[in-house]
Structure formats: structure tokens, C-alpha cells
Amino acid sequence: MKILGILASHQRNGINAQLLAEVMKNVNESCEQETIFLEDYKITPRKRGEKNLVLEELSEKLMQADVWVFAAPTYWRELSGVLKNFFDCMRPKFVYFKQNGDTIPGPFKNKHYLSLTSCYASKTENFITGVTDESFKTIDRVMSTAGVIKVGEIVLPGTFGMKELPENKKKICKKYGEKISNKIRKDDSTLKRYIQLFFMIAIMALLTMGIQAGLGSVVSMNNFWINYVSFTIIFFILLAIILHFVTFMKHRRR
Ligand SMILES: Cc1cc2nc3c(=O)[nH]c(=O)nc-3n(C[C@H](O)[C@H](O)[C@H](O)COP(=O)(O)O)c2cc1C
């Protein structure tokens, strides 16, 4: 196993560098690891008919690693230009082009990645307004096009004046450092999603039947169609509420 840390901040020793170092520090000793600072490379797009040795070198590093850890600050509520430029220039390496210009995942398909970002905005502001959302979304969009699988993400808001990582973030970095050290299955969240779905449906059905039992004192539930229609409507409303809530909570970063 090899883990490649990719620092895409303007600062070599800033907060993202610390987050990345904290993850890498907790990578198992049996794994090989390397960290690169993208600003050390002159990353430009490949010109037609010319070789781009920097892109070749970086592509080789990506190929050698099983897991990539991207650490990129949020700038202007978006992904840092350093990482965006890297992604833009690496596009021909990340995907194969079909004759009609569509893309399919390239040679890095089924590798894994973890993303880290930070912002000045407070935890509460980030939770409500999603300051760091675009940073993660851009990484996710590029990686899913390249067929690279997400392991997780770490967000650190409230970095204004911060010199050292808070203890709770160090713990999360440790958790992910250990997680990426082990062979990760292609998509280890499928089973988890089915189990979550099962419990969601079980709870919704229970609540629906409970509400129907309550309504039974007002309307007779002995008629098949009244029973069926009321079940469907109540179940639908409850499911819509829970799905909205779960989606909202899941996509809010703190
Ligand atoms: C060009 C630039 C734009 C930034 N834009 C935002 C922003 O829109 N929202 C925010 O909360 N912080 C913003 N910040 C603050 C950075 O996200 C914050 O400094 C980050 O934690 C820096 O990480 P570093 O120490 O690795 O450089 C910006 C910083 C820079 C340099």
C-alpha cells in the first residue's frame, strides 16, 4: 500500500499542511507514504505534440499510490486554484475520451481518495451556508469522472488566527490515517446504505401504522381502500421529511 499526500495550499506550513501531516502521521508503518507540495511543480497544460515532463512525473506518482489525500484550502468559497489547476491539467490523464468527446474513467479507476479543506468562516457559518461545499464538490466531481472512490472528508472551519489543530480534528485525522492504511474495498458503503434504508423503512412503517391506529378512533380503518390510501399518504409524508432531513444533515459540514 502506498499513500500519497497532495498539498494544494499557498502555504507549505499552513493549516492544511498540518491537517495532511496529521493524517499521514497516523498511516500505518507498513504503508509507504509520500507527500508532495503542488507549488513545487510548474504545472501547465500539455501542449499538442509536446511532452509535459511535470505532468508525466505527477501522473506516475498518482499511479504508484493506492490512496490519494488531497489537502486544499477553500479560497473564495471554492477549491483552491492550485488544486483546480492540477485537476485541469491532469484531465487527459484522468479520463479516456470516446470518439464523440464523452469521457470514461482512465487508468486510475478504483483508486481511493480522501479530501481535506479548511476555511476562516466559523463552524456555525459553514454549517448553515456551506462555505466549504464547493471545494469538496469539485474534488468529488473530478474524482468520480476519473473513477476514483471516496474514502471520506475532513473539514476544519474557523481557522482565522489558528496556530494548532484542535484535538477533535486530530482524532478525526487519526481515524482516517488508520482507515486508509488498510486495504479498502471498492465501495464499502453499499451494505451500510442498505442497512440504513431497511431501518428507515421499518421506522417509517411503524410510525405510519401508529398514526393510522390513532386515526382509527376518528375514521374507520376496516375498509381496505381507506387503510391503503391513508397508509400510502402518511408513509410518503414521513419518508419525504426524513429524506429531506437526512440529506440536509449529511451535506452540512462542520
Ligand atoms: C485567496 C484566499 C481566499 C479565501 N477565501 C475564503 C473564503 O471565501 N471563505 C473563508 O472562510 N475563508 C477564505 N480564505 C481563508 C482560507 O480558507 C484559510 O486561510 C485556510 O484555512 C488557509 O489554509 P492554509 O493555512 O493551508 O493556507 C481565503 C484565503 C485566501 C488566501
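These are my notebook entries on the pocket, the nonpolar cores and the salt bridges of this structure. The model is predicted, so I keep that in mind throughout by the usual cut-offs.

**Entry 1: a pocket**

I began with the second largest pocket, which holds about 370 Å³ of space. I counted 19 residues in its lining, and Q11, P73, S118, Y120 and T159 lie nearest the centre. Next I asked myself which element gives the largest share of that lining. It is α1, with three residues. Helix α1 spans 15-25, and β4, at 74-75, also supplies at least two residues. Then I sorted the lining by character: eleven residues are polar, seven are nonpolar and one is charged.

**Entry 2: nonpolar cores**

I moved on to the largest nonpolar core and found 29 residues in it. W68, F70, L83, F86 and F94 have the most contacts inside this core. I then looked up where its residues come from: β1 (2-7), α2 (53-64), β3 (67-71), α3 (81-94) and α5 (133-146) each supply at least two. Helix α3 gives the most, with seven residues.

I picked F86 for a closer look. Leaving aside residues up to four places away in sequence, F86 touches L38, I43, L58, L62 and F70. There is also a second, separate core, made of 23 residues, L20, V27, I154 and L156 among them.

**Entry 3: salt bridges**

How many salt bridges does a search of the whole structure find? My list came to 13.

I opened the K2 and E32 pair, whose side chains meet at 3.9 Å, N to O. The two sit 30 residues apart and link distant parts of the chain, with K2 in strand β1 and E32 in strand β2 (residues 32-37). Is K2 buried or exposed? Its relative accessible area is 12%, so K2 is buried, the cut-off being under 20%. I also noted that K2 and E32 belong to a network of salt bridges with E34 and K61.

Next came D88 and K84, with their closest N and O atoms 3.2 Å apart. They are four residues apart in helix α3, so about one helical turn separates them. Both partners are partly exposed: D88 has 44% relative accessibility, and K84 has a relative accessible area of 35%.

My last look was at E164 and K170, whose side chains form a salt bridge at 3.0 Å, N to O. E164 has 54% relative accessibility and therefore counts as exposed.

Note on methods
Residues are numbered from 1 along each chain as its sequence is written. This is a predicted model: local features need pLDDT of at least 70, side-chain atom pairs count only at pLDDT 80 or more; totals for chains, interfaces and linings use all residues. Side-chain values use heavy atoms; hydrogens and water are left out. On a 1 Å grid over the protein atoms alone, a cavity is a set of points where a 1.4 Å probe fits but cannot get out, and a pocket is an open set with protein on both sides within 12 Å along at least five of seven lines; lining residues have an atom within 4 Å of a point. Grid points are joined across faces, edges and corners, and a volume is the space filled by probe spheres set on the points. Ala, Val, Leu, Ile, Met, Phe, Trp, Tyr, Cys and Pro count as nonpolar, Asp, Glu, Lys and Arg as charged, and the others, Gly among them, as polar. A nonpolar core is a set of buried Ala, Val, Leu, Ile, Met, Phe, Trp, Tyr and Cys residues joined through side-chain atoms within 4.5 Å. Buried means under 20% relative accessible area, exposed over 50%, partly exposed in between (1.4 Å probe, protein chains only). Contact means heavy atoms within 4.5 Å. A salt bridge is a side-chain nitrogen of Lys or Arg within 4 Å of a carboxyl oxygen of Asp or Glu.
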